[in-house]
Amino acid sequence: MRSFFALVSVSLASLAMQASASCIYGTTLHRRQTDVPVSSYTFGGTTGPINWAGLKPEYRECALGHNQSPINFNQSIPFATEIPQINIPSTSFAEFLNIGSTVQVFINGTTMFGGKTYHLIQYHFHTPSEHRIENEYYPLEMHMVHEADDGAHVVVGVLFQLSDFGLTTDFVRQTIVNIDGIREPGTRNVTGYLDFSELVEAFQSAPIYQYTGSLTTPPCTEGITFLTLAYPMVLDVASYNLLKSVMKFNARYIQNAPGEQNLLQISAREISEL
């Protein structure tokens with residue numbers, strides 16, 4: 001316990017930006033490697049979110065940051081005032097990895113937002129959803145990680161709701177057609193044919209939550225712009241069960257509203273006062 005209290009009192013001045021097998025893996029902050037990296041953290045127990053900051057010095061923002069993700073979307077979180085211009089060319093297949101903490105696809109594309117062009121590097125999934133809408137969670141969430149030439153990051157996020165009638169979002173179904181080949185962390189395969197026109201259309205027609213938060217996995221780096229569709233897309237039960245059986249539980253608990261004190265700092269203070 002003493003080591004944790006010492007951890008939350010240190011300065012953020014020397015915060016590192018590198019992490020092994022985090023959701024940022026594949027951007028210029030962590031370029032692709034020949035071997036598939038496997039996460040050193042988990043989503044439960046002593047290597048889970050409550051102790052991420054204790055695993056490595058560069059993870060300490062997970063316990064100290066005041067603009068952490070995910071959050072609960074409610075009326076205090078504004079909608080974007082402009083529509084992001086998403087352009088993701090269709091592709092016959094893309095590289096598909098199991099990095100232990102999630103399954104991840106490398107793909108090219110761009111999103112123009114706020115007068116800046118962000119390059120799509122990869123997308124990955126969390127189950128259940130990490131963000132909530134008015135405290136309702138969803139079975140699945142997808143993050144599309146983008147990076148601009150100046151190093152700024154945008155994450156385009158989509159929540160998914162199970163369909164009562166077998167409807168689904170086709171690019172998710174095509175993403176996981178070969179998922180049985182990457183059941184073990186550290187393995188790779190390829191997707192099926194990917195067409196993102198349905199996603200692009202959704203972002204043209206629905207409200208989009210916008211806020212500045214952090215990576216939802218170590219090193220929990222802040223300054224990440226999230227653009228999350230305010231309404232979920234549909235997903236069939238079979239696709240959901242396939243993803244869940246490979247990824248298991250891989251969602252961080254929701255954090256305080258942006259700008260508020262880190263939950264772990266609050267907890268440490270209250271425990272020290274007992």
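**Note on the predicted model**

1. The protein has 7 helices and 13 strands. The model is a predicted one. Of the 274 residues in the protein, 51% are buried.

2. On contacts across the sequence: among contacts with a separation of 6 or more, 67% are between residues 24 or more positions apart.

3. On the surface as a whole, the protein exposes about 11,900 Å². Carbon and sulfur atoms supply 53% of that exposed area.

4. One surface feature is a nonpolar patch formed by F165, L167 and V234. Together these residues have about 330 Å² of accessible area. Of the patch residues, L167 sits in the loop between strand 9 (153–162) and helix 4 (170–175).

5. On charged pairs, the count of salt bridges comes to 4. Side chains of opposite charge can pair when their charged atoms come close. The next three points take up the pairs R188 with E95, R173 with D170 and R183 with D180.

6. R188 forms a salt bridge with E95, and their closest N and O atoms are 2.0 Å apart. R188 lies in strand 10 and E95 in strand 3 (residues 95–98), so this pair ties together parts that are 93 residues apart in sequence. R188 is partly exposed, at 35% relative accessibility. E95 also counts as partly exposed, with a value of 23%.

7. R173 forms a salt bridge with D170, with the closest N and O atoms 2.4 Å apart. Both residues belong to helix 4, and because they are 3 residues apart there, about one helical turn separates them. R173 has a relative accessible area of 35% and is partly exposed. D170, with a relative accessible area of 32%, is partly exposed as well.

8. R183 pairs with D180 in a salt bridge whose closest N and O atoms are 2.9 Å apart. R183 counts as partly exposed at 34% relative accessibility. D180 has 54% relative accessibility and therefore counts as exposed, since the cut-off for exposed is over 50%.

9. T191 is placed in the loop between strand 10 (188–190) and helix 5 (197–205). Is T191 buried or exposed? T191 is at 3% relative accessibility, so it counts as buried, the limit for buried being under 20%. Leaving aside residues up to four places away in sequence, T191 touches S92, F93, A94, F96, V105, Q174, T175, V177 and N178.

Technical notes:
Residues are numbered from 1 along each chain as its sequence is written. This is a predicted model: local features need pLDDT of at least 70, side-chain atom pairs count only at pLDDT 80 or more; totals for chains, interfaces and linings use all residues. Side-chain values use heavy atoms; hydrogens and water are left out. Patches are made of residues with over 30% relative accessible area and no salt bridge: like charges are joined within 9 Å, nonpolar side chains (Val, Leu, Ile, Met, Phe, Trp, Tyr) within 5 Å. Accessible areas come from the Shrake-Rupley method with a 1.4 Å probe; for residues, only the protein chains shown count as cover. A salt bridge is a side-chain nitrogen of Lys or Arg within 4 Å of a carboxyl oxygen of Asp or Glu. Helices (H or I, at least four residues) and strands (E, at least two) are DSSP runs, numbered from the N terminus. Buried means under 20% relative accessible area, exposed over 50%, partly exposed in between (1.4 Å probe, protein chains only). Contact means heavy atoms within 4.5 Å.
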